[in-house]
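Here is a short tour of one protein chain. Look at the structure first, then read on.

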Amino acid sequence: MSEISIYDRPMCCSTGVCGPSVDPVLPRFAGDLQWLQDQGHHVNRFNLSHTPAAFAANDVVTQLIEKEGTEVLPIVMIDGNIVSKADYPSRDELVKLIDAVAPASGGDQPATRPSLPVAGGGCCGGQSG
């Protein structure tokens, strides 16, 4: 399974429901991350306001912020690779990113790896019959 790390912009909490105006993307993204954890993925989420040491400990993140400023946040990394910046990917996008980054074969992994189910695909992947 993959390791997903999110480096969030400074805010009071990761869900965004504690501030004066709620960004609807944040609660949706928090739910998508919980869903990924339920699928067996390891999820780390770091908030610049609360865990600045995590930002400082990651040279890639530090260099990107120094180069592009905090506007680059959030940064989403999968298995150490930056897959998204300045945006919160949807669940479907996260699934595609994980499938693109994760190795299809190697070591003791099977040659073909099943893809994660896509949100809203239903039991039959949207097909009738």
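In which strand does Glu3 lie? Glu3 belongs to strand β1.

This is a predicted model. Keep that in mind for every value below.

**Overall layout**

The protein chain holds four helices and four strands. Read from the N terminus, its elements follow the order β-α-β-α-α-β-β-α. The chain has 129 residues, and 32% of them are buried. Take the contacts between residues at least 6 apart in sequence: 53% of these join residues at least 24 apart.

**Glu3 and its surroundings**

Glu3 has a relative accessible area of 38%. Buried means under 20% and exposed means over 50%. Glu3 is therefore partly exposed. Leaving out residues up to four places away in sequence, Glu3 touches His42, Asn44, Met77, Ile78 and Asp79. Glu3 and Asn81 are 78 residues apart in sequence, yet their C-alpha atoms are 10.0 Å apart in space.

**Two helices in contact**

Helix α1 covers residues 25-38 and helix α4 covers residues 91-101. The two pack at an angle of about 40°, and their axes are 10 Å apart. That angle makes α1 oblique to α4. The crossing of α1 past α4 is right-handed.

Which residues make the contact? From α1 come Arg28, Phe29, Gly31, Asp32, Trp35 and Leu36. From α4 come Arg91, Leu94, Val95 and Ile98. By type, the residues of this contact are six nonpolar, one polar and three charged.

Asp32 deserves a separate look. Its place is in helix α1. Is Asp32 buried or exposed? Asp32 counts as buried, because its relative accessibility is 5%. Beyond residues up to four places away in sequence, Asp32 touches Pro89, Ser90, Arg91 and Leu94.

**The nonpolar cores**

The largest nonpolar core has 15 residues. Those with the most contacts inside it are Ile4, Ile6, Phe29, Leu33, Leu36, Val43 and Val76. Four elements give two or more residues to this core: β1 (3-8), α1, β3 (75-78) and α4. Helix α1 gives the most, with five residues.

Apart from this core lies another, of 11 residues. Among them are Ala54, Phe55, Ile65 and Met77.

Now return to Ile6 in the largest core. What does Ile6 touch, not counting residues up to four places away in sequence? The list is Phe29, Leu33, Val43, Asn44, Arg45, Phe46, Pro74, Ile75 and Val76.

**Backbone details in the loops**

Pro74, one of the residues that Ile6 touches, lies in the loop between α3 (59-68) and β3. The peptide bond from Leu73 to Pro74 is cis, with omega near 0°.

Two further loop residues have a positive phi although neither is a glycine. Asp79 lies in the loop between β3 and β4 (81-85). Ala86 is found in the loop between β4 and α4. The table sets out their values.

| Residue | Phi | Relative accessibility |
|---|---|---|
| Asp79 | about 50° | 33%, partly exposed |
| Ala86 | near 65° | 47%, partly exposed |

Asp79 also links back to the start of this report: it is among the residues that Glu3 touches.

Notes: Residues are numbered from 1 along each chain as its sequence is written. This is a predicted model: local features need pLDDT of at least 70, side-chain atom pairs count only at pLDDT 80 or more; totals for chains, interfaces and linings use all residues. Side-chain values use heavy atoms; hydrogens and water are left out. Axes are lines fitted to C-alpha atoms, for helices over the stretch in contact, and angles run from 0 to 180 degrees between N-to-C directions. Angles under 35 degrees count as roughly parallel, over 145 as roughly antiparallel, 65 to 115 as roughly perpendicular and the rest as oblique. A crossing is left-handed if the near helix is turned anticlockwise from the far one by less than a right angle, and right-handed if clockwise. Contact means heavy atoms within 4.5 Å. Ala, Val, Leu, Ile, Met, Phe, Trp, Tyr, Cys and Pro count as nonpolar, Asp, Glu, Lys and Arg as charged, and the others, Gly among them, as polar. A nonpolar core is a set of buried Ala, Val, Leu, Ile, Met, Phe, Trp, Tyr and Cys residues joined through side-chain atoms within 4.5 Å. Buried means under 20% relative accessible area, exposed over 50%, partly exposed in between (1.4 Å probe, protein chains only).
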